[in-house]
Amino acid sequence: MKQLNIGIVAHVDAGKTSLTERLLHTTGVIDHVGSVDDGDTQTDSLALERRRGITIQSAVVSFRIADLKVNLIDTPGHSDFIAEVARAMHALDGAVLVVSAVEGVQAQTRVLMRTLKRLGIPTLVFVNKIDRRGARYGDLLDELRGKLGVELVALSTVDGAGTREARALPRSFAEPELFAELADALSGSDETLLSAYVESRPTRPGARRAALARSSRRALVHPVFFGSAVTGEGVDALIDGIRRYLPYRQPNGTRARGSVFKIERGPVGEKISYVRLREGALRAPARLSLYRADTDGHVSVHEAKVTAVHVFTDGAATRPGEVEAGGIAKVWGLRDALIGDAIGSPEELPPRGLFAPPTLETVVAPAVPHERAKLFAALRDLAERDPFINVRGDTDITVSLYGEVQKEVIASMLAERFGLEVAFAETRTVHVERPVRTGAAHRDLGASETPSIHLALRIEPGPPGSGVDYQITAQRGNFLLGYLTAVEETVRQTLREGHFGWRVTDCVVTLTDGGYVTGKTAGQFRAMAELLTREALRRAGTHVCAPVHRFELETPEASAPGILIALTDAGAELRAQETREGVCHLAGTIAAGAVHGFERRLPGLSQGEAVFTSTLDGYRRVWGEPPRREGVLRSDEPAGLG
């Protein structure tokens, strides 16, 4: 069977979860359309999701359009959960971007379209809420084209916009006006259609539709549909568009390759991995390889045994079976799996930089002091579902964050799943450390004449953004493979905490010499490697660097002076400023720690009209007294060398 994996993405409150419900109802999967307000939707299962009326975790449901099986992923809309959205996007064949006909293009709308465009994901646009007061059509299309910066073709018009009687009317491919719009939108991707239009040669409506489908499936142009998820208006046309304009996959016979994009726990605590299979087929029992990349791009491999595979049937229901290329399944048995792991080949790993790490963190403390161990275990469990939580437990327990709303989410999950009440400290910025100069260290274990273990390491600065580049110039024949692995793993682990407690990055670490005599253990190599890494790092010295975001901002020209003052107060550096048609466009950099405070001021400065987006742009040295990471407990002399 042909399969298609699509995501529903949108700015918060644009109506994507309501659209998911309407799609399931229209295709006959459910009899009742759930309501976000009533908390009875198919995809929002967390209690906090139902209370707040927002999506926090991605959810999968399935439906059919004729001979096409569609697996639909409902993703979060709040900017604090953009990493969850990015992870889901890596599993998609296509997407539906939902835009409110009233609010139009909002901040998160632009971020999402930018990500979809960067990943080359074919995308349909569904303009929702045409029955709401203030709904727009003509000027909204102009806004979509101007602010999203992509080629769009509207396949429906709206009659009675902003009223309860609003109707979405399909456009005919025989219309001269639509033909002209197609020729303009496809001018860079379909010369045949363009020349037919320019030369006034007759073309059949079917040929025009086929030309749109070809370019849409290549993410070169994006069909636009109008409607209402609440009333169902325009949803039939969208369903037809999903079938016609998004690329599906056919089963193939190659070996299983895919990725893990979600993890949850079953009724008895068993780990369940959500796998998107790009090639081959997978059924239980089976053995496979899991590939994982750390924050520095280093790839490791783990072997795993599949004990059960459940494929999606209708809605959220599943059944035991075989998942084929293009499909999504729940997989049991992958005990060590993490979100983002690749199955079958490292080529399935997401592009480096797709998941920008969080730049904020906070200390979490249990309301009952003696429940600290229980809290740490619970947070480690939550980190399986979201690796970017990055739980640390030294003198304090810390978690990483993208934004303040995540605190509420973590607190709610801890209370509902583990019966834990917690308190959070003030959010702080996550820094990194970079080596200043080259530092080297060597050490012998045992008698100086005949040492039983000898190791030598060198640490030197690397290019910005390079992570930890580990190299070996020592004679590999002097080591067992297991000892080399133990040394590398320990070096990488040790560099997670530099002199000031922050992760050390952008460096080259070289094992320059070494050897051993019989009777030694990997544990002894690990202990010596930790000691040498710290010694070499001490000699190299480190600079503490703070995260910096690249930002873009649009605001009415009248609001620009006050916003420029606020940016100056936040320490931002302006790189570009331009005013077009009464709208001021600003771009520059701002310290990650200043983003939240600036975003809180922005609505009041612009009467809610400004659109601000920011993404991590790297790290810059902190001058003056370097900030230390609080709550880090580190031993100078590791045990276990004897």
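Glu143 sits in helix H5, which covers residues 138-148. The model is predicted. Glu143 counts as buried, because its relative accessibility is 16% and the cut-off for buried is under 20%. Further along the chain, His543 belongs to strand E31 and is partly exposed. The points below take these two residues, then the sheets, the cores and the helices.

**Glu143 and its surroundings**

- Glu143 and Val105 lie 38 residues apart in sequence. Their C-alpha atoms are 7.2 Å apart in space.
- Val105 is also one of the contacts of Glu143. The others, leaving aside neighbours within four places in sequence, are Glu103, Gly104, Arg136 and Leu148.

**His543 and its surroundings**

- Strand E31, which holds His543, spans residues 542-556.
- The relative accessible area of His543 is 24%. That value makes His543 partly exposed, because buried means under 20% and exposed means over 50%.
- His543 touches Val432, Glu433, Arg434, Val436 and Arg621, with neighbours within four places in sequence left aside.
- Ile453 is 90 residues from His543 along the chain. The C-alpha atoms of the two are separated by 32 Å.

**The seven-stranded sheet**

- Seven strands form an open sheet in the order E2-E3-E1-E4-E5-E9-E6. The pairing is mixed.
- Strand E2 (59-65) and strand E6 (152-154) are the edges, each pairing on one side only.
- From one strand to the next, the twist averages 25°.
- Strand E1 (residues 2-10) and strand E3 (residues 68-74) run parallel, joined by seven bridges.
- Within E3, Asp74 is the bridge partner of Ile8.
- Helix H4 (residues 107-119) packs on this sheet. H4 touches E1, strand E4 (94-100) and strand E5 (123-128). The direction of H4 makes about 165° with that of E4.

**The four-stranded sheet**

- Another open sheet has four strands, ordered E26-E27-E30-E28, again with mixed pairing.
- Its edge strands are E26 (439-445) and E28 (468-472), and each pairs on one side only.
- Neighbouring strands here are turned by 15° against each other on average, direction ignored.
- E28 pairs with strand E30 (residues 507-516) in the parallel sense, over five bridges.
- Gln471 has Thr510 in E30 as its bridge partner.
- Helix H12 (residues 481-494) packs on the sheet and touches strand E27 (453-461), E28 and E30. Its direction makes about 155° with that of E28.

**An antiparallel pair**

- Strand E7 (residues 156-159) pairs with strand E8 (residues 167-170) in the antiparallel sense, over four bridges.
- Val158 has Ala168 in E8 as its bridge partner.
- In a regular strand, side chains alternate between the two faces of the sheet.
- E7 shows such alternation. Ser156 and Val158 point to one face and are buried. Thr157 and Asp159 point to the other face and are not buried.

**Nonpolar cores**

- The largest nonpolar core has 40 residues. Leu19, Leu23, Val96, Leu212, Leu238 and Ile242 touch the most other members.
- Helix H9 (residues 235-245) gives the most to this core, with five residues.
- Leu23 touches Ile8, Phe63, Leu72, Val235, Leu238 and Ile239, not counting residues up to four places away in sequence.
- A second, separate core has 36 residues. Among them are Val125, Val127, Leu144 and Phe312.

**Helices H1 and H9**

- The axes of helix H1 (residues 16-26) and H9 come within 10 Å and cross at roughly 85°.
- H1 is therefore roughly perpendicular to H9, a term that covers angles of 65 to 115 degrees.
- On the H1 side, the meeting residues are Leu19, Arg22, Leu23 and Thr26. On the H9 side, they are Val235, Asp236, Leu238 and Ile239.

**Helix H10**

- Helix H10 has 14 residues, 372-385. At 1.5 Å a residue, H10 should span 20 Å. Its end C-alpha atoms are 21 Å apart, which agrees.
- The buried residues of H10 are Leu375, Ala378, Leu379, Asp381, Leu382, Ala383, Glu384 and Arg385.

How values were computed: Residues are numbered from 1 along each chain as its sequence is written. This is a predicted model: local features need pLDDT of at least 70, side-chain atom pairs count only at pLDDT 80 or more; totals for chains, interfaces and linings use all residues. Side-chain values use heavy atoms; hydrogens and water are left out. Helices (H or I, at least four residues) and strands (E, at least two) are DSSP runs, numbered from the N terminus. The expected span of a helix is 1.5 Å times one less than its number of residues. Buried means under 20% relative accessible area, exposed over 50%, partly exposed in between (1.4 Å probe, protein chains only). Two strands pair if DSSP finds at least two bridges between them. Axes are lines fitted to C-alpha atoms, for helices over the stretch in contact, and angles run from 0 to 180 degrees between N-to-C directions. Contact means heavy atoms within 4.5 Å. A nonpolar core is a set of buried Ala, Val, Leu, Ile, Met, Phe, Trp, Tyr and Cys residues joined through side-chain atoms within 4.5 Å. Angles under 35 degrees count as roughly parallel, over 145 as roughly antiparallel, 65 to 115 as roughly perpendicular and the rest as oblique.
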